[in-house]
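Q: I am new to this structure and would like a close look at one part of it. Please take the place where the two chains meet, and then go on to the parts around it.

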2 protein chains.
Amino acid sequence: MAVLAGKTVSPPPIWLMRQAGRYLPEYRQTRATAKNFLNLCYTPDLAVEVTLQPIRRYRFDAAILFSDILVIPDAFDRNVHFVEGEGPRLDPIGEEGIRKLVMPDISQRLAPVLTAITRLRAELPAQTTLLGFCGAPWTIATYMIAGCGTPDQAPARLFAYQYPEAFEALLAIIAEASAEYLIAQIDAGVDAVQIFDSWAGVLGQHEFDAYAVKPVRRIIDAVRSARPSAKIIAFAKGAGYNLKNYRAGTTADAIGLDWTVPLDFAVELQKDGAVQGNLDPLLMVAGGQALEAGIDRILDRLGNGPLIFNLGHGITPDADPENVTRLVERVRAYAA
Amino acid sequence: MAVLAGKTVSPPPIWLMRQAGRYLPEYRQTRATAKNFLNLCYTPDLAVEVTLQPIRRYRFDAAILFSDILVIPDAFDRNVHFVEGEGPRLDPIGEEGIRKLVMPDISQRLAPVLTAITRLRAELPAQTTLLGFCGAPWTIATYMIAGCGTPDQAPARLFAYQYPEAFEALLAIIAEASAEYLIAQIDAGVDAVQIFDSWAGVLGQHEFDAYAVKPVRRIIDAVRSARPSAKIIAFAKGAGYNLKNYRAGTTADAIGLDWTVPLDFAVELQKDGAVQGNLDPLLMVAGGQALEAGIDRILDRLGNGPLIFNLGHGITPDADPENVTRLVERVRAYAA
């Protein structure tokens, strides 16, 4: 929380995107007891348990609510389900479907998530930050248009070119629902929130401004106008040079950096405020000298400014839990 | 060729990556006569025909040899083949396999490609530039390690972390073969060459310098030392901010810009020399106002400097050939 306020903390706090996940045997065990993936997200007992697992094991500085960005399309009744080994499926939406979308009652539809948050805040150590999150409208829209994950998100990009007004309307209603969702998360007990724009990297500059910056700004404005002290991290994966104006454009407190963001650029971005990232998640698989060198490069360049140490993307199922131990130890041993 | 020498030409010359491809009915007709995809590349009659098709139709300023970047692994006997609808397959290589790699006799192994080039140069109008190409070592290595295309190129990235020496050896021998191949292409008649690093976008800064910049520099040094007047375009797709030092690092005459490179950044990059790109290929599907606006934005920002107009990636099979006509007309109507 201090880093989100722009302070430099040494050693920097650390958590990992997707830290509650398949690389942990205890996660796989709990996962096996759930009927399906959404059931895991919507059963507070299970969501609380898997959220706490990596905290027990590694004492990360932050816990992130176990959930999924697609709970928002699910709240819009888009028939979201997860096909084992294939990823998410939902009913694809077109121009007419967008016109018919009705704002759901988010607090009612996503009540189990909010229950899990309240219990987590009570069960977590006081010094552990609890993070909530949602997907950014662009990323959510890519799934809603295509009905599944897609390489290069071509269906949504094409739809945006062909039906710009319908597409803007879709982003607007997703942003409205997402803001309501984040406010409800804050009220339920999260300390800060992260907005994940996982597919921002396929957008050209004009589209990045219109579809990645503007809708996230809309969410942040709505959240801050309702809860002025809200702290927000925005993560536009793969955005490259487009990150240059991302903090100013979105007004996020911290910006996430994927592993391809050069440290030269990260240093520039850190001059304007907190950054989060950006170790290659594959180093949690590789380990060894490559891991140590990767950690040290980040600490050397970013450790004397406001930094939340994290991976540049979610940890992968084939990561070695021992490498996570090594990572946490090495970061905690750092003194700026 | 004037733009590659750093001159501003108005209107800018135009060609499209993958301009000889499935969006053209005449291509699909010729393709149907070939036994398989590699057979199309290795049969001079067919390769010449499909290379010429888009020149006849659109009078592009450059023809690019119809071939594939995987002819280099094929020359290394990696059992390259193309599975319809699934993409390339080859025998995956590991540490031991890399040690056993032997430099092939490129001019002999890829003789049909060189024959096609000589015939193309004779058949093309004198004012049409003939481009040769090869894949960059990093991109070629991602296929050789994984044995197929992979999301995020995780197998190669992981291999590079775990076996850095073997990986450097693999890049070195690919670079050596590629340089020999480009020199042979120049001798056979191409006017300039492009090096495609299609998967450069997944690399962090340290890895980008080691795996994307250095091996391409090695190719360019070898080509220029043999053929001092060689003109070379380097295209690192998805490289984002890493493009900042790409021209200086590789010494390429022109650098390619994918459609996500912001025009603000492109303008900076153009100050150091020619750039090529960067229209979103999906605009060849979408057409209409979005297409016109996209073309105009590029011309407005980059048209008064050394620019080769192109897409930001290959044209897709679902592109409308009429949109290509509109594109060429609009670019040709431009006066800086």
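A: What follows starts with the contact between the chains, and then turns to a helix, a helix pair, a few single residues and some backbone features.

The model is a predicted one. The contact between the chains draws on 28 residues from chain A and 28 residues from chain B. On the side of chain A that touches chain B, at least two residues each come from helix 9 (154-162), helix 11 (205-226), helix 13 (263-270), helix 14 (283-286) and helix 15 (288-302) of chain A. Helix 9 of chain A gives the largest share of that side, with 5 residues. Sorted by class, the side of chain A that touches chain B holds 16 nonpolar, 8 polar and 4 charged residues.

How are the two chains placed with respect to each other? A turn of 180 degrees, with a shift of 0.0 Å along the axis, lays chain A on chain B with an RMSD of 0.0 Å. The two copies are therefore related as by a two-fold rotation axis. Both copies use the same surface, since 100% of the contact residues of chain A recur in chain B.

Helix 13 of chain A, one of the helices that supply residues to the contact, can also be viewed from within its own chain. Its buried residues are A:F265, A:A266, A:L269 and A:Q270. Looking down the axis of helix 13 of chain A, these buried residues fall within an arc of 140 degrees, so they line one face of the helix. The buried residues of helix 13 of chain A pack against helix 12 (246-250), strand 7 (254-257), strand 8 (274-279) and helix 15 of chain A. Helix 15 of chain A is thus a packing partner of helix 13, and helix 15 also supplies at least two residues to the side of chain A that touches chain B.

Between helix 12 and strand 7 of chain A, two of the elements that helix 13 packs against, runs a loop that contains A:T251. The phi of A:T251 is positive, about 65 degrees, although A:T251 is not a glycine. Most residues other than glycine have a negative phi, and most peptide bonds are trans. A:T251 is partly exposed, as 13 other C-beta atoms lie within 10 Å.

In chain B, a positive phi is found at B:D152, where the value is near 65 degrees and the residue is other than glycine. B:D152 sits in the loop between helix 8 (137-146) and helix 9 (154-162) of chain B. With 15 C-beta neighbours inside 10 Å, B:D152 counts as partly exposed.

The loop between helix 8 and helix 9 of chain B also holds B:G147. B:G147 is partly exposed, with 18 other C-beta atoms within 10 Å. B:G147 and B:L90 are 57 residues apart in sequence, yet 4.6 Å apart in space from C-alpha to C-alpha. Apart from its neighbours within four places in sequence, B:G147 is in contact with B:R89, B:L90, B:D91 and B:P92.

Two peptide bonds of chain B are also worth locating. The bond from B:G277 to B:N278 is cis, with omega near -20 degrees, and B:N278 is found in strand 8 (residues 274-279) of chain B. The bond from B:S10 to B:P11 is cis, with omega near -5 degrees, and B:P11 is placed in the segment before helix 1 (25-33) of chain B.

Back in chain A, helix 7 (residues 111-123) and helix 10 (residues 164-188) have axes that come within 8 Å and cross at roughly 30 degrees. The crossing of helix 7 of chain A past helix 10 of chain A is right-handed. Helix 7 of chain A makes the contact with A:L114, A:I117 and A:T118, and helix 10 of chain A with A:A184, A:Q185 and A:A188. By class, the residues of this contact are 4 nonpolar, 2 polar and no charged.

A:Q185 of helix 10 is also one of the residues in contact with A:V193. A:V193 belongs to strand 5 (residues 192-197) of chain A. Is A:V193 buried or exposed? A:V193 is buried, because 28 other C-beta atoms lie within 10 Å. Leaving aside neighbours within four places in sequence, A:V193 has contacts that include A:L131, A:G132, A:F133, A:L182, A:I186 and A:I232. A:V193 and A:L65 are 128 residues apart in sequence and 9.7 Å apart in space, C-alpha to C-alpha.

Definitions and conventions:
Residues are numbered from 1 along each chain as its sequence is written. Chains are lettered from A and ligands numbered from 1 in the order in which they are written. This is a predicted model: local features need pLDDT of at least 70, side-chain atom pairs count only at pLDDT 80 or more; totals for chains, interfaces and linings use all residues. Two residues are in contact if their C-beta atoms, placed from the backbone, lie within 7 Å. Helices (H or I, at least four residues) and strands (E, at least two) are DSSP runs, numbered from the N terminus. Ala, Val, Leu, Ile, Met, Phe, Trp, Tyr, Cys and Pro count as nonpolar, Asp, Glu, Lys and Arg as charged, and the others, Gly among them, as polar. A residue is buried if 20 or more other C-beta atoms lie within 10 Å of its own, exposed if 12 or fewer, and partly exposed in between; C-beta atoms are placed from the backbone. The arc is that of the directions from the helix axis to the C-beta atoms. Copies are superposed by least squares on the C-alpha atoms of residues with pLDDT of at least 70 in both. Axes are lines fitted to C-alpha atoms, for helices over the stretch in contact, and angles run from 0 to 180 degrees between N-to-C directions. A crossing is left-handed if the near helix is turned anticlockwise from the far one by less than a right angle, and right-handed if clockwise.
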